[in-house]
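Colleague: I should be grateful for a close look at the salt bridges in this model, followed by a description of the ligand and its surroundings.

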Amino acid sequence: MKEGRVFLVGAGPGDPDLLTLKACRLLQAAEAVVYDRLVSAAILDLVPRGATRIDAGKQPHHHPVPQDEINETLIRLARAGRTVVRLKGGDPFLFGRGGEEACALAAAGIRFEVVPGVTSAQACAANLVLPLTHRDLSQGVHYITGHCRAGAELAFDWDGLAEPRTTLVVYMGLANIGKIAGRLIAHGRDPATPVLAVSRGTLPDERHIISTLANIGTDVRRTVLASPTLFIVGDVVRLAQKPGTFEHVLPEEQLATAY
Ligand SMILES: C[S@@+](CC[C@H](N)C(=O)[O-])C[C@H]1O[C@@H](n2cnc3c(N)ncnc32)[C@H](O)[C@@H]1O
């Protein structure tokens with residue numbers, strides 16, 4: 001029997017044009033694909049008809065499949081000699097639990113490889129011509145998760161995140177963005193700092209709203225953005241342009257305050 005192998009592959013943010021060539025080639029040659037909720041239908045269309053498809057994103061009654069079960073599935077398929085693609089939204093090593101899967105595969109002695117993907121922060125920013133760093137506005141980027149275990153506190157270096165000349169990207173922040181904004185303001189970040197929320201970035205139904213740290217909690221509740229949504233906080237948001245145009249998203253008078 002041939003030796004099985006697992007490829008932990010990043011599917012990017014949803015637009016199939018943002019798949020890497022390597023991801024595309026591996027998908028077309030896969031014998032089994034274990035995919036997440038965030039992987040778009042257009043990308044799954046690349047999987048050959050005869051390949052086994054396993055949806056690791058949901059079980060009956062919409063409970064997520066436990067991580068241990070996903071690890072065991074990958075190990076079982078590889079031990080059966082299959083070429084397995086484990087397909088994850090964005091990049092597998094950014095808030096994707098790819099690290100846990102890599103450790104489980106290594107511990108089981110399975111051959112595996114990691115194929116990076118375009119993370120949603122980069123893709124959403126690029127779509128709006130919004131550079132995450134800029135010589136005059138932001139010297140660094142923090143990526144954080146806005147999600148924490150039930151009952152747990154969001155534990156961050158709030159002083160570091162409140163540093164004005166940095167950009168903050170919040171993944172999985174829909175439920176807690178108001179709380180996060182409040183903590184940033186309490187630690188000294190200007191309440192007028194612009195915040196961009198991008199829902200379903202790069203997909204045909206992408207939506208975005210622009211607000212401020214002071215108002216984002218209320219604006220998000222009012223607008224009801226679809227999942228997945230990410231938030232970009234910082235002065236670079238003032239540079240954002242409407243997709244496909246040369247018009248700024250923010251009005252001229254607010255842009256002027258960036259410089
Ligand atoms: C479990 S994390 C996975 C992140 C993924 N590994 C990546 O690199 O983008 C899920 C979060 O990613 C963000 N996300 C993923 N795809 C997105 C998209 N197309 N538009 C906006 N946000 C997205 C959202 O913040 C979502 O809650």
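Modeller: In this predicted model, a convenient place to begin is the salt bridge between aspartate 235 and arginine 238, whose closest N and O atoms are 3.4 Å apart. The two partners differ in burial: aspartate 235 has a relative accessible area of 24% and is partly exposed, whereas arginine 238, at 9%, is buried. Elsewhere, salt bridges with shared partners connect Asp36, Arg86, Lys88 and Glu101 in one network.

Within that network, lysine 88 pairs with glutamate 101, and their closest N and O atoms are 3.2 Å apart. This pair links distant parts of the chain, since lysine 88 belongs to strand 4 (residues 83-88) and glutamate 101 to helix 4 (residues 98-107), with the two positions 13 residues apart in sequence. Lysine 88 counts as buried because its relative accessibility is 2%, under the 20% limit. Glutamate 101, with a relative accessibility of 1%, is likewise buried.

A further salt bridge joins glutamate 113 to lysine 22, with 2.5 Å separating the closest N and O atoms. Glutamate 113 is located in strand 5 (residues 111-115) and lysine 22 in helix 1 (residues 21-29), so this pair ties together parts that are 91 residues apart in sequence. Both ends are partly exposed: glutamate 113 has a relative accessibility of 22%, and lysine 22 one of 33%. In total, the structure contains 13 salt bridges.

To turn to the ligand, 18 residues surround it, and those that come nearest are Leu94, Thr119, Ser120, Gly201 and Thr229. By character, the shell consists of ten nonpolar, six polar and two charged residues. Several contacts can be described atom by atom. A polar side-chain atom of serine 120 is 2.7 Å from an oxygen atom of the ligand. For threonine 229, a backbone N or O atom lies 2.7 Å from a ligand oxygen atom. At proline 13, a polar backbone atom is 3.0 Å from a nitrogen atom of the ligand. On its own the ligand has 570 Å² of accessible area, and the protein covers 91% of this. Two or more residues of the surrounding shell come from each of helix 5 (120-127) and strand 10 (229-233).

Key: Residues numbered from 1 in each chain as written. Predicted model: local features only at pLDDT ≥ 70, side-chain atom pairs only at ≥ 80, totals over all residues. Heavy atoms only, no water. Salt bridge = Lys/Arg side-chain N within 4 Å of Asp/Glu carboxyl O. Helix = DSSP H or I, 4+ residues; strand = E, 2+ residues; numbered from the N terminus. Buried < 20%, exposed > 50% of the residue type's maximum accessible area, 1.4 Å probe, protein only. Near = heavy atom within 4 Å. Polar contact = N/O pair within 3.5 Å; in protein donor to acceptor, adjacent residues only side chain to side chain. Areas by Shrake-Rupley, 256 points an atom, 1.4 Å probe, with all protein chains shown as cover. Nonpolar A, V, L, I, M, F, W, Y, C, P; charged D, E, K, R; others polar.
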